[in-house]
Amino acid sequence: MTRQTLWGIDLGGTKTEGVVLQAGDDPKTIARLRIPTERKKGYEHIINQIKKLVSKMEKETSKQPHKIGIGIPGTLEPSTQTVKNANTTVLNGRPFKEDLEKALGLPVILNNDANCFALAEAKFGIVKMYYPEAVTIFGVIMGTGVGGGIIIKDKILTGKQGIGGEWGHNFLDESGGKCYCGKTGCVETVISGPALEKYYSKISGKEKSLKEINQLYENGSDQKATETIMRLCKFFGKAIAQVINIIDPSIIILGGGVGNIQSLYTIGFEETKKHVFNNKLGTHFVSPKLGDSAGVIGAAYLVNG
């Protein structure tokens, strides 16, 4: 019996990446390609870019998919099957799954990109390698935006409304200002990469990337950089403690560019302890092992569940 390959696509704001895996029990990559998303060109263009990517993957592998899993920066509204909560806002309100299936001529399984990240790290990454007994995992993406995914026994907990794990749009602090979602002071407006860069620029009068800001902090050469990273750790602790108090995960995986800041594992951990409803913090904060492959591998495994 021939094993079927698994096909996945990770739709990002800047790039769209595709992968073909050997089989459900063999995550070996046999093709991995990417093309620019070019989201500013609109909804139909994004669909055409995905179609182009799938065609390239077919040529690369001399194979055809039977279905495709796709991670998106949003989620499907279960009652209408239209996209909501996407920071690629041209997707919102559109029947993206249906339109993709028409364009590709095959079934499509959509899920949130943070859910895909968490699924991959649970099945093949850091959790599988070092914490195989863990039942409840929370995968965090802190980058341009802030999102999360809940995995219980290797299954995504999407929830009744499709918003399971969306801690990035809980209220955190008024100082974050307006969020693209329409609310004010969301977690994303305070501890995302752009939010941290904006804060540093405001207090220092200088434009720096988050990587540069963190380097200045680690060097001890910029008081404003130190203030920015300390503010991150303080608010990260407040925000992630809410998640711990509700789902009590064994493992929290810190992904995305902000997740690379090592102070989150020390100072951020100590800040979290202040707000957890327990006499100690037993949750493990860990870094991902699959790198930037996690999202697209998780997308491929959507078709295997």
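A disulfide is counted here as a pair of cysteine sulfur atoms within 2.5 Å. By this rule, the model, which is a predicted one, has zero disulfides.

**Stop 1: the two cysteines**

Select cysteine 179 and cysteine 181 and display their sulfur atoms. The sulfur of cysteine 179 has its closest cysteine sulfur in cysteine 181, at 3.7 Å, which is too far for a bond. Viewed from the other side, cysteine 181 likewise finds its closest cysteine sulfur in cysteine 179, at 3.7 Å. Now add the surface. Cysteine 179 counts as buried because its relative accessibility is 8%, whereas cysteine 181, with a relative accessible area of 32%, is partly exposed.

**Stop 2: the five-stranded sheet**

Next, select the strands of the open sheet, which follow the order β3-β2-β1-β4-β7 with mixed pairing. The edges are held by β3 (26-36) and β7 (108-112); each has a single partner strand, so one side of each is left without a neighbour in the sheet. On average, neighbouring strands of this sheet are turned by 20° against each other, direction ignored.

Within the sheet, colour strand β1 (residues 6-11) and strand β2 (residues 15-23). These two strands pair in the antiparallel sense over six bridges. To see one bridge, select leucine 6, whose bridge partner in β2 is leucine 21.

**Stop 3: two helices on the sheet**

Select residues 96-104 to show helix α2. This helix lies across β1, β4 (68-72) and β7, and runs at about 145° to β7. Then select residues 113-123, which form helix α3. Helix α3 packs on the sheet and touches β1, β4 and β7, its direction making about 90° with that of β7.

**Stop 4: the largest nonpolar core**

Move on to the largest nonpolar core, which has 36 residues. Show Met142, Trp167, Ile191, Phe236, Ile240 and Phe285 as sticks; these have the most contacts inside the core. Elements that each supply at least two core residues include the strands β8 (136-142), β9 (146-152) and β11 (251-255), and the helices α5 (187-191), α6 (193-204), α7 (210-219), α8 (223-247) and α9 (263-273). Which of them gives the most to this core? It is α8, with eleven residues.

**Stop 5: phenylalanine 236**

Finally, centre the view on phenylalanine 236. Which residues does phenylalanine 236 touch, not counting residues up to four places away in sequence? They are Met142, Trp167, Ile191, Leu254, Leu264, Gly268, Thr272 and Phe285.

Definitions and conventions. Residues are numbered from 1 along each chain as its sequence is written. This is a predicted model: local features need pLDDT of at least 70, side-chain atom pairs count only at pLDDT 80 or more; totals for chains, interfaces and linings use all residues. Side-chain values use heavy atoms; hydrogens and water are left out. Buried means under 20% relative accessible area, exposed over 50%, partly exposed in between (1.4 Å probe, protein chains only). Two strands pair if DSSP finds at least two bridges between them. Helices (H or I, at least four residues) and strands (E, at least two) are DSSP runs, numbered from the N terminus. Axes are lines fitted to C-alpha atoms, for helices over the stretch in contact, and angles run from 0 to 180 degrees between N-to-C directions. Contact means heavy atoms within 4.5 Å. A nonpolar core is a set of buried Ala, Val, Leu, Ile, Met, Phe, Trp, Tyr and Cys residues joined through side-chain atoms within 4.5 Å.
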